[in-house]
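User: I would like a close look at a single part of this structure, with the pairing and the packing around it described together. Please go through it step by step.

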Amino acid sequence: MERVIMLSQKHFILIKFIIIRPYKVTIRTPNCSHSNLSVITMTILPLLVCVFLFACSITEANPTSEIGDKFLKDEIVPDVINEVPISQLSIKYNGIEITPGRTLTVKQTEIEPEISWSGDPTKKYTLLMLDPDVPGRQVHGYRSVLHWMAINVPGNSIIDGTIKRIYLKPKPAIGTGLHRYVFLVYEQLHKKDIEFDDDYHDLKNWTKFTLDKFIKRHGLALSEAPVGGNYFFAKYTNG
């Protein structure tokens, strides 16, 4: 896994100080008199640099922790899911990269985005896009509204999956504030494709979509944590 070295300006100054200033260690050779010591002097610059870097902020990149913090901060957990996603989905709207919690205009989200994740081509996945904030975040009588569903997706090839709910662009009502639009990907545990007759273009099915029931009904994951997740904010704009 990639490692990221987080060094502040202070750290760079210290490194410069170590590199420029000669550090030497004196080793007394055995069997020599106190009055006539033989010494071996050597530079220990490499050792000092290694010790310094180890002591500094060397952290292993942990996208799960980063996205987990975001999902907790904006209460995706527990409003939508109970466990933070294992990884962050790559999402782009017309070239605009979505980072967790980014705010977009409704116009920017009119066309379905490009989505990718580290999917195993031998496995199948389900993709969901939800709005838990209808009519608003504080009064959410329709938690959640289903905006997109693709099932039986091999690897991360959505085009080769089955679309059960075509993409419904965000359309938050006037005066309802920012809505959270949440993307989740779950691994399908069974080798057989998921099959069901529910019509998710029917109003009664795509409004008040209950994620927990859907997961349990179709056996989507060994745990409650989705394989991947991401989200953005959008609110009503005129035009």
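Which residue in β13 does Tyr125 stand opposite?

Analyst: In this predicted model, Tyr125 stands opposite Glu187 in β13. This register belongs to the pairing of strand β10 (residues 124-131) with β13, which is antiparallel and extends over 7 bridges. Strand β13, spanning residues 179-188, also pairs with strand β14 (residues 228-234), again in the antiparallel sense and through 7 bridges, and in that pairing Arg180 stands opposite Phe233 in β14. The strand is mostly covered, with 9 of its 10 residues buried.

In a regular strand, side chains alternate between the two faces of the sheet. With that in mind, the nonpolar cores can be taken in turn.

The largest nonpolar core has 26 residues, of which Phe71, Ile81, Met149, Leu184, Phe209 and Leu211 touch the most other members. Two or more residues of this core come from each of α3 (63-73), α4 (76-79), β10, β11 (145-154), β13, α6 (211-218) and β14, and β11 gives the most, with 4 residues. Setting aside neighbours within four places in sequence, Leu211 is in contact with Val80, Ile81, Leu128, Leu130, Leu184 and Tyr186. Separate from this is a second core of 21 residues, which includes Trp117, Met129, Phe183 and Val227.

Two further residues help to fill in the surroundings of the paired strands. Asn152 lies in strand β11 and counts as buried because its relative accessibility is 5%, under the 20% cut-off. The side chain of Asn152 reaches the backbone nitrogen of Ile194 at 2.7 Å. Apart from neighbours within four places in sequence, the contacts of Asn152 include Lys124, Tyr125 and Thr126, together with Gln188, Asp193 and Ile194; Tyr125, among these contacts, is the residue that stands opposite Glu187 in β13.

Ile98, by comparison, is found in the loop between β7 (96-97) and β8 (102-103), and it counts as buried because its relative accessibility is 1%. Leaving aside neighbours within four places in sequence, Ile98 is in contact with Gln88, Ile91, Tyr93, Leu104, Asn230, Tyr231 and Phe232. Ile98 and Pro113, which are 15 residues apart in sequence, are separated by 9.6 Å in space, C-alpha to C-alpha.

Technical notes: Residues numbered from 1 in each chain as written. Predicted model: local features only at pLDDT ≥ 70, side-chain atom pairs only at ≥ 80, totals over all residues. Heavy atoms only, no water. Buried < 20%, exposed > 50% of the residue type's maximum accessible area, 1.4 Å probe, protein only. Pairing = 2+ DSSP bridges. Core = buried A, V, L, I, M, F, W, Y, C linked by side-chain atoms within 4.5 Å. Contact = heavy atoms within 4.5 Å. Polar contact = N/O pair within 3.5 Å; in protein donor to acceptor, adjacent residues only side chain to side chain.
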